[in-house]
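Thanks for coming, everyone. I'd like to walk you through one chain today, starting with a single residue and working outwards.

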Amino acid sequence: MTEIARVERRSGRPRSEDADRAIIEATLDLLAESGIAGTSIEGIAARAGVGKTTIYRRWRGLESLICDAMLTLKGPLPTLSGASLRDDLLSIAEAAARSRESARNRKVYACFVGEMSRYPALDAQYRETVIAPRRELTRGALRRAIERGELRDDLDLEVMSEIVTAPTLHWMLHHPDQTPSRELLEQLLDGVLGGLRPRA
């Protein structure tokens, strides 16, 4: 057998990007329409127009697929300029706001808030694959701000990462049908940062 033949056999049939996209979109559609409880591999396959085996070749199970769909919904992590903590946190908040611009996406977020506690395996995987990288991005922005002297050096990064994101998340939770404007995000951030800056 030639080297080319061995490579072709090892690599197998290439994945279809169209199928991947259809599966992800079907997953998000079902989450918005029926919640986590009403989302299944069977339903996703039917909505996407693919076989269940096509899904299982790509994802280990429903939890992995839902987490990948949420990563797609949220979009890539924003690139932070590092010019100031305010700029970095505003970039993070704006990325979160953009992921809520469509009515479907807002419904997906709402179902997660209402149902996630009933699915511990999904909750754990979601926190690890979707939430953890975003929290680390915030912690990194805080570390750099402390090094630049923008923040007091006695602050607990874990606590501060919760504090600086809480106002935006709280607003989104209580306004599920709206997307915050840049002006509102700036007001929320400025209200928090005033209490974290070095004392005169």
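Let's begin with alanine 145, which has a relative accessibility of 0% and so counts as buried, the cut-off being under 20%. Do keep in mind as we go that this is a predicted model. Alanine 145 sits in helix α8, and α8 covers residues 120–148. Which residues does alanine 145 contact, once we leave aside neighbours within four places in sequence? They are Leu85, Glu150 and Leu151.

Alanine 145 also brings us to serine 84. Along the chain the two are 61 residues apart, yet their C-alpha atoms are separated by 7.0 Å. Serine 84 belongs to the loop between α5 and α6. Is serine 84 buried or exposed? It is buried, because its relative accessible area is 17% and the limit is under 20%. Not counting residues up to four places away in sequence, serine 84 touches Arg148 and Glu150. You'll remember Glu150 from a moment ago, as it is also one of the contacts of alanine 145.

Staying in that loop between α5 and α6, have a look at leucine 77. With a relative accessible area of 38%, leucine 77 is partly exposed. If we set aside neighbours within four places in sequence, leucine 77 is in contact with Pro133, Arg134 and Leu137. There is a spatial relation to alanine 96 as well: the two are 19 residues apart along the chain, and 9.5 Å lies between their C-alpha atoms. Helix α6 spans residues 85–98.

Now to helix α7, which runs over residues 103–115 and has 13 residues. From first C-alpha to last, α7 reaches 18 Å, close to the 18 Å expected at 1.5 Å a residue. Which residues of α7 are buried? Here is the list: Asn105, Arg106, Val108, Tyr109, Cys111, Phe112 and Glu115. And what covers them? The cover includes α2 (17–34), α5 (62–74) and α8 (120–148).

Since Cys111 came up, a word on cysteines. Cysteine 111 counts as buried because its relative accessibility is 8%. Cysteine 67 is buried too, at 1% relative accessibility. As for disulfides, the count for this model comes to 0.

Following α7 we reach tyrosine 119, in the loop between α7 and α8. Its relative accessibility is 26%, so tyrosine 119 counts as partly exposed. How far is the C-alpha atom of tyrosine 119 from that of isoleucine 36, 83 residues apart along the chain? The separation is 8.7 Å. Isoleucine 36 is also a contact: tyrosine 119 touches Ile36 and Ala37, not counting residues up to four places away in sequence.

Further along, isoleucine 163 lies in helix α9, residues 157–174. At a relative accessible area of 34%, isoleucine 163 is partly exposed. Between isoleucine 163 and valine 192 there are 7.6 Å, C-alpha to C-alpha, while in sequence they are 29 residues apart.

Let's step back to the chain as a whole. How many helices and strands does the chain have? There are 10 helices and 0 strands. Of the 200 residues in the chain, 41% are buried. Taking contacts between residues at least 6 apart in sequence, 67% join residues at least 24 apart. The accessible surface of the chain is about 11300 Å², and carbon and sulfur atoms account for 52% of that.

There is one annotation to mention. In UniProt, an unreviewed entry places a "DNA-binding region" at residues 40–59. In the model, residues 40–59 are 75% helix and 0% strand, with the end C-alpha atoms 13 Å apart.

Finally, confidence. The chain averages a pLDDT of 89, and 90% of the residues score at least 70. Where is confidence highest and where lowest? Helix α3, residues 41–48, is highest at a mean of 98, whereas helix α1, residues 3–11, is lowest at 34. Over residues 1–13 the pLDDT is below 50, and beyond near neighbours in sequence this stretch has 4 contacts in the model. Where pLDDT is low, the predicted coordinates should not be read in detail. That's my tour, and I'm happy to take questions.

Definitions and conventions. Residues numbered from 1 in each chain as written. Predicted model: local features only at pLDDT ≥ 70, side-chain atom pairs only at ≥ 80, totals over all residues. Heavy atoms only, no water. Helix = DSSP H or I, 4+ residues; strand = E, 2+ residues; numbered from the N terminus. Expected span 1.5 Å × (residues − 1). Buried < 20%, exposed > 50% of the residue type's maximum accessible area, 1.4 Å probe, protein only. Contact = heavy atoms within 4.5 Å. pLDDT = per-residue confidence, 0-100. Disulfide = S-S within 2.5 Å. Areas by Shrake-Rupley, 256 points an atom, 1.4 Å probe, with all protein chains shown as cover. UniProt positions renumbered as here; feature names shortened; annotations may be inferred.
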